[in-house]
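Let's take a friendly walk through this model together. Have the sequence and the 3D view ready, and follow along strand by strand.

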Amino acid sequence: MTSSVPRLVIAAPSSGSGKTTVATGLMAAFAARGLAVSPHKVGPDYIDPGYHALATGRVGRNLDAYLCGAELIGPLFAHGARGCDLAVVEGVMGLYDGAAGEGELASTAQVAKLLRAPVVLVVDASSQSRSVAALVHGFASWDPEVRVAGVILNKVGSERHEAMLREALDASGVPVLGVLRRAPQVDTPSRHLGLVPVAERRAEAVAAVAAMAAQVAQGCDLDALAALARSAGALPGAAWDAAEAVESPTHDHPTRSAEKRGPLVAAAGGEAFTGHPTRSAGQRAPVVAVAGGEAFTFSYAEHAELLTAAGAEVVTFDPLRDRQLPEGTGGLVIGGGFPEVYAPELSANEPLRKAVAELAFGGAPVAAECAGLLYLARELDGQPMCGVIDARARMHERLTLGYRDAVAVSDSVLAVAGTRMRGHEFHRTVVEPGAGASPAWGVRAPERRVEGFVQHGVHASYLHTHWASEPGVARRFVERCLTS
C-alpha cells in the first residue's frame, strides 16, 4: 500500500521566521478552495496543531521522529492524511535543527526526507536584500537529499524591497512562490511557553487564522504550491492503524534496545496480546475520562485512538467547569496544558478535586503528564489542588525544555519497570519534591535523575510521551481499568 497524498513541508532558516503564519494560512487558503487539507506539525509542539485544526477542520497531528521513531513518520502521516486532497506539514525551529547532539534526528529536514516531500523555505526578509540569495543557496545545497523547491519571502517592506529580493534570487534556481508584507493582524499572543492555545481565545484565533488565509491567498501562488505538492514521491507502506497497533504484543523500534521487548510483553500481562482486554459478559467498556478545556489543551490525537482501540470509552471533561467526573469513570488521563494560568479556578472547583482524589486513592488508573502532575499535587502556587501527590508545585523562572531518554523505574499502570521510552519536557514550573518513594522515570540526560510519582494506580510525571511509539501503554492502562 502506498500514500500519494500531495504534500508540502513549510520550513525556515530559524524560529520566528513566520512558519506558523504561512503554514496555517496555506492550510486555511487551500481549505477555502474546497480541498480536504491534512495538517501536521514536526516535533512535540501541542499548540500550533490547534491553529492548524481551526484552519482545516481536521485534527492537527504531530510527526516526531525522536518520540516515535523514524519508521513511524510515514505511517502516522498516512493515517492523518487518509482521504485528503493535500497535506501541509509545518516544520520546527530551523530546517536542519533537531534533537540536541543527535544530528538530523527529529529535524524538519529528516521528516521531509522521510515523507519524500518538497520543502518551501519561509525567509524573514525584513533586514536583508541581496544576502537572501546566499542564505537560500546555503539551505538548498546543504543536504542534497532535502529538496528546497521554493521560497516564500515574509515581512517584505515595499515593492522596491520585493524587487531587490526577487532579482537576487533569480540566479539561485529556487523560485519565489510568495511574498508577504508585514501584517500585525496575523500575530498571535505568546506567553511563557509559546503561543496562547486556541481553546483560550477561540474568537480571536478564528479572526487571526482568517487573516493568515487572506494574506497567504493574496501573496502566494497557490496554484504553483499545489503543483509542487503533487510532485512529492509516493510513500510505501501501510498507514498507521490504532487497532492493529494495540493488538501487536510489541512495537519494533530500531533506535532502542531489543531487550526491552520483554517488559513490553510483560506490560500486556506477560503474554502476547490476542485481542481487546477481556470483559465479562454484559460488562460495558471502561470509561476513561480525559481532561480538556482551556487548562488542559495538550494531547496527541493518537492517545485517544489507542485507548478506544484497546476497548475503552473515551469521554472528555473540563476540570474548570465540570463538578464531577463523567459517569462510570474507571480511569483518568490528565495531559499537559496551563493549570498555572487557571490555578484559582481549578482550586475553586472543590467537588471535582475531591472526585479526582477519591478515584485515585481508590486505586483506579490515573495517568498524568506535566500539567496533570501539577493538578494532582497538594498545591499549585499556593492554591489547593487535588492532593493526590504529596508535593507542592510553583512557577519558576527557569524554562525546562528538551527531549529525554527515560526508563520506567517502578511498575505502574502504564509500564513495568525497565521499559524504555522517549519523552519531552517543556515547563516553567517546579514540583517539590521532584520524585516520590516510587519514581516514575529515570532520566539519563541532561543529568542523571529520577522524577515523577507512582502510587496506588497513579503515574504522574513531567515527561510527555507519545503512546504510538509503545501501544502497550494504552493496552495496559485499559486492562487496569477493568481490574481495578
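A good place to begin is the pairing of β3 with β5: five bridges join these two strands, which run parallel. Within that pairing, Ser 38 stands opposite Ala 87 in β5. Please keep in mind throughout that this is a predicted model.

From here we can widen the view to the sheet that holds both strands. It is an open sheet of seven strands with parallel pairing, in the order β4-β3-β5-β2-β6-β7-β8. At the edges stand β4 (61–63) and β8 (176–181), and each has a single partner strand, so one side of each is left without a neighbour in the sheet. On average, neighbouring strands of this sheet are turned by 25° against each other, direction ignored.

Now let's look at β5 itself. Are its residues buried or exposed? Five of the five residues of β5 are buried, so the strand is largely enclosed by the rest of the structure. Both of its faces are covered: Leu 86, Val 88 and Glu 90 are buried on one side, and Ala 87 and Val 89 on the other. Ala 87, which we met opposite Ser 38, thus appears again among the buried residues of β5.

Moving along the strand order brings us to β2. This strand pairs with β5 in the parallel sense over four bridges. Two positions help to locate the pairing in the view: Leu 8 stands opposite Val 88 in β5, and the bridge partner of Ile 10 in β5 is Glu 90. Ile 10 also stands opposite Val 120 in β6, which takes us to the other neighbour. Strand β2 (residues 7–11) is joined to strand β6 (residues 119–124) by three bridges, and the two run parallel. There, Ala 11 stands opposite Leu 121 in β6.

How many residues of β2 are buried? Five of its five residues are, and the strand is mostly covered. As for its two faces, Arg 7, Val 9 and Ala 11 are buried on one side, while Leu 8 and Ile 10 are buried on the other.

Helices come next. Helix α1 (residues 19–32) lies across β2, β3 (37–42), β5 (86–90), β6, β7 (148–156) and β8, and runs at about 170° to β5. Helix α6 (residues 131–142) also packs on the sheet, where it touches β6 and β7. The direction of α6 makes about 150° with that of β6.

Strand β7 has a backbone detail worth a stop. Lys 155 is found in this strand, and its phi is near 60°, a positive value in a residue other than glycine. At 32% relative accessibility, Lys 155 counts as partly exposed.

A second positive phi turns up in the loop between β5 and α5, where Ala 106 is found. Its phi is about 75° although Ala 106 is not a glycine. Is Ala 106 buried or exposed? At 3% relative accessibility, Ala 106 counts as buried. Asp 97 lies in the loop between β5 and α5 (108–115) too, and it touches Ala 106, Ser 107 and Thr 108, not counting residues up to four places away in sequence. Asp 97 is partly exposed, with a relative accessible area of 35%.

Further along the chain, helix α9 (residues 222–230) contains Ala 227. This residue is partly exposed, with a relative accessible area of 36%. Its C-alpha atom is separated by 8.5 Å from that of Pro 6, although the two residues are 221 residues apart along the chain.

Next, turn to the second largest pocket, which holds about 860 Å³ of space. Which residues are closest to its centre? Of the 37 residues that line this pocket, they are Phe 296, Thr 297, Phe 298, Ser 299 and Tyr 300. The elements α2 (48–56), β12 (287–291), α12 (301–309), β13 (313–317), β14 (329–334) and β15 (366–369) each supply at least two residues of the lining. By class, the lining has 24 nonpolar, eleven polar and two charged residues.

Our last stop is the loop between β19 (420–432) and β20 (441–443), where Pro 433 is found. The peptide bond from Glu 432 to Pro 433 is cis, with omega near 0°.

Methods:
Residues numbered from 1 in each chain as written. Predicted model: local features only at pLDDT ≥ 70, side-chain atom pairs only at ≥ 80, totals over all residues. Heavy atoms only, no water. Pairing = 2+ DSSP bridges. Axes fitted to C-alpha atoms, helices over the stretch in contact; angles between N-to-C directions. Contact = heavy atoms within 4.5 Å. Buried < 20%, exposed > 50% of the residue type's maximum accessible area, 1.4 Å probe, protein only. 1 Å grid on protein atoms, 1.4 Å probe; cavity = no way out; pocket = protein on both sides within 12 Å on 5 of 7 lines; lining within 4 Å. Points joined across faces, edges and corners; volume = space filled by probe spheres on them. Nonpolar A, V, L, I, M, F, W, Y, C, P; charged D, E, K, R; others polar.
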